[in-house]
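Please open the model in your viewer and keep the sequence panel beside it. The tour below goes from one selection to the next and says what is found at each stop.

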There are 2 protein chains.
Amino acid sequence: MTADLSRDTLTRSAEDYLKAVYHLTADGEAAGTNQLAEALDLAPASVSGMIRRLAEQGLLDHAPYRGVTLTADGRRVALRMLRRHRLIEAYLVAHLGYTWDTVHDEAERLEHAVSDTLVERMAKVLGDPLEDPHGDPIPGPDGSLAEMVYVPLADVPVGQEAEIRRVHTSQSDRLRYLSGAGLVPGARVKVVAREPFAGPVRLRIGKRDQVIANELALMLLCSLPGSLA
Amino acid sequence: MTADLSRDTLTRSAEDYLKAVYHLTADGEAAGTNQLAEALDLAPASVSGMIRRLAEQGLLDHAPYRGVTLTADGRRVALRMLRRHRLIEAYLVAHLGYTWDTVHDEAERLEHAVSDTLVERMAKVLGDPLEDPHGDPIPGPDGSLAEMVYVPLADVPVGQEAEIRRVHTSQSDRLRYLSGAGLVPGARVKVVAREPFAGPVRLRIGKRDQVIANELALMLLCSLPGSLA
DNA sequence: CTTGACATTTCGTATACACGAAATAACTAT
DNA sequence: ATAGTTATTTCGTGTATACGAAATGTCAAG
């Protein structure tokens with residue numbers, strides 16, 4: 001059943017498509033062609049063609065005009081890429097002087113080139129970390145993933161304290177801004193006020209007050225003291 | 001004059017061809033199509049086509065039926081790949097538990113994927129090494145290369161002491177054998193005897209005697225105490 | 001000189017992936 | 001139901017790289 005997923009069976013493009021489908025279907029919905037085209041910065045026509053090929057290879061389930069989901073094999077590939085990507089990010093930050101706003105692009109290229117051996121060596125050197133520098137969970141070598149349920153800071157009630165756990169963006173300008181403001185995984189903040197209609201969020205971090213756009217607050221995933229997380 | 005050699009201007013294949021031409025022309029002779037095809041494990045017809053494209057891009061000089069040499073731009077690319085490759089090997093050995101017989105393939109893939117930034121970070125962490133684990137010199141970021149002239153162990157006179165400086169192969173089975181025998185860069189050996197007609201070489205290393213095939217002795221590049229190297 | 005033998009190039013073709021334009025399916029609002 | 005909008009697919013193409021078969025150039029031996 002399990003197709004040959006070892007090395008070099010899949011092209012870089014295929015790996016990128018599967019990763020994208022993984023992310024787009026995280027909400028349980030099938031991923032549309034346009035969505036995918038947008039995410040991969042390709043023309044919809046190109047995506048349509050690639051979807052056909054990946055479906056033929058048994059990596060995607062495709063319901064024409066309905067979108068795609070990952071097959072078990074496809075998910076395996078996506079999770080392996082995710083593990084690679086996040087471990088590489090963690091390694092580059094820990095050992096090669098990268099900052100969380102600069103690792104993404106490097107990891108994006110390396111994830112297609114490293115061997116399983118190298119990935120596992122990096123994991124070992126890092127002490128088998130469970131999260132990357134953005135707080136994103138790192139899948140196990142077997143494809144297991146301990147996905148926590150966090151609350152976007154945008155949804156944390158006013159007056160509530162919260163601890164930032166994940167910062168869900170890979171855009172370096174945003175990451176730079178956020179780390180400048182101390183809004184990194186592990187930081188504790190208190191929501192002081194929020195404007196209605198997706199308005200900005202005012203929060204207290206340490207002794208400073210900070211106002212951030214709702215758009216950013218959506219990316220800061222938090223745990224609330226008292227909840228199990 | 002200097003063409004755009006930054007990132008992504010060149011395909012992986014192009015980089016591999018230029019590297020191969022670099023190695024094949026080390027003796028001063030132009031590299032033939034068949035030679036190149038052999039080195040890259042491709043059909044001569046494919047090489048012929050690629051040669052044309054690389055010549056059009058100003059990376060190779062091509063005299064039809066005569067072979068190719070690198071242009072200045074081509075050499076720049078080749079030396080950058082060489083720097084990448086050797087630094088990556090050095091880094092993997094120093095920090096990620098690789099041995100010199102296992103690094104080659106990994107470096108071969110990574111050299112196409114790492115950014116200049118990452119290469120220079122690795123160089124820095126390593127303290128800007130001048131040689132890789134095989135004793136091969138690492139070109140500078142500017143493309144400078146301090147190539148030493150060494151004597152193959154196969155040519156060292158009987159009775160002479162020599163220090164191994166470079167081990168000129170990337171085949172892991174040979175490398176494993178050689179390191180098992182202690183024949184690594186820095187080792188001091190004394191040639192005890194040699195059979196005629198490219199026969200095996202008997203040598204003394206430490207307190208042990210060792211006989212190695214001439215083929216291997218050709219790959220062990222040595223400096224002789226007393227010579228300037 | 002001429003003739004093999006061998007190296008090299010040319011030619012037609014295949015695969016993987018991208019594109020735009022045009023055709024088609026699906027949904028939405030009347 | 002049906003027309004318009006939007007999403008998706010199909011089709012014809014282009015680029016990069018590989019291949020084998022056939023044509024052609026080169027050189028050494030006679």
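**Starting in the sheet of chain B**

Select Ala162(B) and look across to β5(B), where its bridge partner is Val189(B); strands here, like helices, are DSSP runs numbered from the N terminus, with at least two residues (E) for a strand and at least four (H or I) for a helix. This is a predicted model, in which local features need pLDDT of at least 70 and side-chain atom pairs count only at pLDDT 80 or more, while totals for chains, interfaces and linings use all residues. Residues are numbered from 1 along each chain as its sequence is written, chains are lettered from A and ligands numbered from 1 in the order in which they are written, and side-chain values use heavy atoms, with hydrogens and water left out.

Now widen the selection to strands β4 (residues 161–167) and β5 (residues 188–194) of chain B, which run antiparallel and are joined by three bridges; two strands are said to pair if DSSP finds at least two bridges between them. With the remaining strands added, chain B shows an open sheet of six strands in the order β3-β8-β4-β5-β6-β7, with antiparallel pairing. Its edge strands, each of which pairs on one side only, are β3 (151–152) and β7 (208–212) of chain B.

Next, show α7(B), which lies across β4, β7 and β8 (220–223) of chain B and runs at about 160° to β7(B); axes are lines fitted to C-alpha atoms, for helices over the stretch in contact (heavy atoms within 4.5 Å), and angles run from 0 to 180 degrees between N-to-C directions. Within helix α7 (residues 172–180) of chain B, pick Ser172(B), which counts as partly exposed at 29% relative accessibility; buried means under 20% relative accessible area, exposed over 50% and partly exposed in between, with a 1.4 Å probe and protein chains only. A distance drawn from the C-alpha atom of Ser172(B) to that of His104(B) should read 8.2 Å, although the two residues are 68 apart along the chain.

**Charged pairs**

Side chains of opposite charge can pair when their charged atoms come close. How many salt bridges does the structure hold over all chains? There are 28, a salt bridge being a side-chain nitrogen of Lys or Arg within 4 Å of a carboxyl oxygen of Asp or Glu.

Stay in chain B and select Lys19(B) with Glu108(B), whose side chains meet in a salt bridge at 2.5 Å, N to O. The pair links distant parts of the chain, since Lys19(B) is in helix α1 (residues 12–24) and Glu108(B) is in helix α5 (residues 103–110), 89 residues apart. Lys19(B) is buried at 8% relative accessibility, whereas Glu108(B) is partly exposed at 23%. Moving over to chain A, select Lys19(A), Glu108(A) and Glu111(A), which are linked in a network of salt bridges.

Then go to Arg176(A) and Asp101(A), where the salt bridge has an N to O distance of 2.9 Å. Arg176(A) sits in helix α7 (residues 172–180) of chain A, and Asp101(A), 75 residues away, in the loop between α4 (72–95) and α5 (103–110). Arg176(A) is partly exposed, with a relative accessible area of 45%, while Asp101(A) counts as buried at 10%.

**A buried aspartate in chain A**

Select Asp136(A), in the loop between α6 (116–126) and β3 (151–152) of chain A. Is this residue buried or exposed? At 8% relative accessibility, Asp136(A) counts as buried. Its side chain makes a polar contact of 2.8 Å with the side chain of Arg166(A); a polar contact is a pair of N or O atoms within 3.5 Å, where within protein one must be able to donate a hydrogen and the other to accept it, and residues adjacent in sequence count only if both atoms are side-chain atoms. Beyond its neighbours within four places in sequence, Asp136(A) is in contact with residues including Arg86(A), Leu130(A) and His168(A).

**Both chains together**

Finally, display both chains: a rotation of 179° with 0.0 Å of shift along its axis superposes chain B on chain A, with an RMSD of 0.1 Å. The two copies are therefore related as by a two-fold rotation axis, the superposition being by least squares on the C-alpha atoms of residues with pLDDT of at least 70 in both. To find the axis from chain B, select Ala113(B), whose C-alpha comes closest to it among the residues of that chain, at 3.3 Å. The same surface serves both copies, as 100% of the contact residues of chain B recur in chain A.
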